[in-house]
Amino acid sequence: MCCTPTYFLHLIDRAAELGVDMKDLPLRAGVFGAEPWTESMRRHIEDGSSIEAFDIFGLSEIIGPGVGCECRRHDGLHIFEDHFYPEIVDPDTGAPLPDGTEGELVLTTLSKQAMPMIRYRTHDITMILPGKCACGRSMRRIGRIGRRSDDMMIIRGVNVFPSQIETALLQNEGTLPHYQILLTRVQGLDQMEVQVEVTPQMFNDKVGALQELHAKLQNSLDRVLGIRVRVALVEAHSLERSEGKARRVIDRRTS
């Protein structure tokens, strides 16, 4: 099957509500894209089902899904170079960057006739991985796309990406891969609140367990982001679900 990782997690939740264990279904592979997702998210998907999760990359301006995809080695996404020519450039200057250096992905279509794209800047941040994949394919690979240059939030002078928050949250046992980032402004200063769902067992446990988890999440976010943000633990299924791309950031700041 093919969908966004967020939507598949929603399906796992809905199946559980109906008494269906996704591990009992004859699904063996899933292809996920349309939004950045982390290795922690992959583990949640695979642990909650019987599938092997593959990352796919595409964009509607070029072709939609199908610009690149993981092989079973899960060591980067192979770009289909007979149709697309990839480059990595400095997001600020546009200067080309060598393999192994992170920057903005630029694509040129080689076989598209109706609307060819020449050096199209995707805003996706990645790198071309050096060397060949152990699978034997010779097509070049890009690293997992964890963020975009245009999804960066500037909070009190610090650059913050949603993928950083996801990584910090999901490395702690007891959290669920459902969270939202609420941005507000108080007396001229930007404020961020990270709302994260916790497992029913954790939420119904002793108060001390929740306090301990809250402290762990706070420390993880402090370490990854470099600024103090507010953490709010909420019950499972309390955050709004999306059937398309996840709406992670709610910006209530006023200019």
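**Strand partners and pocket linings**

Asp 124 stands opposite Arg 148, which lies in strand 11. The model is predicted, so local features need pLDDT of at least 70 and side-chain atom pairs count only at pLDDT 80 or more, while totals for chains, interfaces and linings use all residues. Residues are numbered from 1 along each chain as its sequence is written, and side-chain values use heavy atoms, without hydrogens and water.

**Exercise 1.** Find how strand 8 pairs with strand 7 and with strand 11.

*Solution.* Begin with the terms: strands are DSSP runs of E with at least two residues, helices are runs of H or I with at least four, and both are numbered from the N terminus; two strands pair if DSSP finds at least two bridges between them. Strand 7, residues 103-109, runs antiparallel to strand 8, and four bridges hold the pairing. Within this pairing, Glu 104 has Ile 125 of strand 8 as its bridge partner. Now turn to strand 11, which covers residues 147-148 and is also joined to strand 8 in the antiparallel sense, here over two bridges. The opening example belongs to this second pairing, with Asp 124 facing Arg 148 of strand 11.

**Exercise 2.** Follow strand 2 to its parallel partners, strand 1 and strand 3, and name the residue opposite Phe 32 in strand 3.

*Solution.* Take strand 1 as the starting point: two bridges connect this strand to strand 2, and the two run parallel. One residue to look for here is Cys 3, which stands opposite Phe 32 in strand 2. Next, go from strand 2 to strand 3, where four bridges join the two strands, again in parallel. In strand 3, the residue opposite Phe 32 is Asp 55. Phe 32 therefore has Cys 3 opposite it when strand 1 is considered, and Asp 55 opposite it when strand 3 is considered.

**Exercise 3.** In what order do the four strands of the open sheet that includes strand 14 lie, and which of them stand at the edges?

*Solution.* Reading across the sheet, which has mixed pairing, the order is 16-15-14-17. Strand 16 (230-234) and strand 17 (249-251) are the edge strands; each has a single partner strand, so one side of each has no neighbour in the sheet. For the pairing of strand 17, look at strand 14, residues 175-186, which runs parallel to strand 17 with three bridges between them. One residue pair to locate there is Leu 183 with its bridge partner Asp 251 in strand 17.

**Exercise 4.** Which element gives the most residues to the lining of the largest pocket, and which gives the largest share to that of the second largest?

*Solution.* On a 1 Å grid over the protein atoms alone, a pocket is an open set of points where a 1.4 Å probe fits, with protein on both sides within 12 Å along at least five of seven lines, and lining residues have an atom within 4 Å of a point. The largest pocket has 38 lining residues, and those nearest its centre are Ala 34, Glu 35, Pro 36, Arg 148 and Lys 245. Among the elements that supply at least two lining residues are strand 4 (64-70), strand 8 (120-126) and helix 3 (162-170), but strand 3 gives the most, with five residues. The second largest pocket is lined by 28 residues, with Ile 12, His 44, Gly 48, Leu 176 and Pro 177 nearest its centre. Helix 1 (5-17), helix 2 (39-47) and strand 14 each give two or more residues to this lining, and the largest share, five residues, comes from helix 1.
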